[in-house]
Amino acid sequence: ARIQANLTALDAALEAFPHLSRLAVEGGWSVLLRRPALDPDGECALRLLREGRVLVQPGHYFDLGSDAFLVLSLLGPEAAFREGLARTLPRM
């Protein structure tokens, strides 16, 4: 239920950021977030950690061949996930 709630929160938050989208979730605990590849995914993840105090994983950790993806965990508490989205999405 928590994973679905976090996914629903992500979908709602993405409406305000048309340059971002997500791939279909196939029953796992994470979601692939597609972003403009303006910088390497690792640099973007570090920037989000420094500036937004949010931990995401670069897509290359999962052998994605493009800098256009970050991986978000859907396992966190719902309130913390929504707060993380508010600090992350505007910085992408």
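What follows is a chat about salt bridges, pockets and a surface patch in a predicted model.

Biologist: Let's start with charges: how many salt bridges does the count come to?

Modeller: Side chains of opposite charge can pair when their charged atoms come close. Here the cut-off is a Lys or Arg side-chain nitrogen within 4 Å of a carboxyl oxygen of Asp or Glu. By this rule, the count is five.

Biologist: Take Asp39 and Arg35, which meet in one of them: is Arg35 buried or exposed?

Modeller: Their side chains come together at 2.8 Å, N to O. Asp39 has a relative accessible area of 17%, so it falls under the 20% cut-off and counts as buried. Arg35 has a relative accessible area of 5%, so it too is under 20%. For Arg35, then, the word is buried.

Biologist: How many residues apart are Glu51 and Arg91?

Modeller: Glu51 and Arg91 form a salt bridge at 3.8 Å, N to O. This pair ties together distant parts of the chain: Glu51 belongs to helix H2 (residues 41-52), while Arg91 is in the segment after helix H3 (78-88). Along the chain, the two are apart by 40 residues.

Biologist: And what class of exposure does Glu51 get?

Modeller: Buried needs under 20% and exposed needs over 50%. Glu51 has 43% relative accessibility, so it sits between those limits. Its partner Arg91, at 31%, is also partly exposed. The class for Glu51 is partly exposed.

Biologist: Which helix holds both Glu83 and Arg87?

Modeller: The side chains of Glu83 and Arg87 meet in a salt bridge at 2.5 Å, N to O. Glu83 has 45% relative accessibility and is partly exposed, and Arg87 is partly exposed at 28%. They are four residues apart, so about one helical turn separates them, and the helix is H3.

Biologist: Which residues are joined into one network by salt bridges that share partners?

Modeller: We have already met two of the members, Asp39 and Arg35, as a salt-bridged pair. Shared partners bring in one further name, and the network is Arg35, Asp39 and Arg47.

Biologist: On to empty space: which element gives the most to the lining of the largest pocket?

Modeller: The largest pocket has a volume of about 370 Å³. Its lining has 18 residues, and those nearest the centre are Val54, Leu55, Val56, Ser73 and Phe81. Strand E4 (69-73) and H3 each supply at least two lining residues. The most, seven residues, comes from H3.

Biologist: How many residues of that lining in the largest pocket are charged?

Modeller: Sorting the lining by class gives 10 nonpolar residues and five polar ones. The charged residues in the largest pocket's lining come to three.

Biologist: Which strand gives the largest share of the lining of the second largest pocket?

Modeller: The second largest pocket holds about 160 Å³ of space. Its lining includes Trp29, Ser30, Val31, Leu32 and Phe62. By class it divides into nine nonpolar, two polar and one charged. The largest share, three residues, comes from strand E2 (residues 30-34).

Biologist: Last one, out on the surface: what is the area of the nonpolar patch that Ile3 helps make?

Modeller: Ile3 lies in helix H1 (residues 2-14) and, at 30% relative accessibility, counts as partly exposed. Trp29, Tyr61, Phe62 and Leu75 make the nonpolar patch together with Ile3. The patch's area is about 490 Å².

Conventions:
Residues numbered from 1 in each chain as written. Predicted model: local features only at pLDDT ≥ 70, side-chain atom pairs only at ≥ 80, totals over all residues. Heavy atoms only, no water. Patch = residues over 30% accessible without salt bridge, like charges linked within 9 Å, V, L, I, M, F, W, Y side chains within 5 Å. Areas by Shrake-Rupley, 256 points an atom, 1.4 Å probe, with all protein chains shown as cover. Buried < 20%, exposed > 50% of the residue type's maximum accessible area, 1.4 Å probe, protein only. 1 Å grid on protein atoms, 1.4 Å probe; cavity = no way out; pocket = protein on both sides within 12 Å on 5 of 7 lines; lining within 4 Å. Points joined across faces, edges and corners; volume = space filled by probe spheres on them. Nonpolar A, V, L, I, M, F, W, Y, C, P; charged D, E, K, R; others polar.
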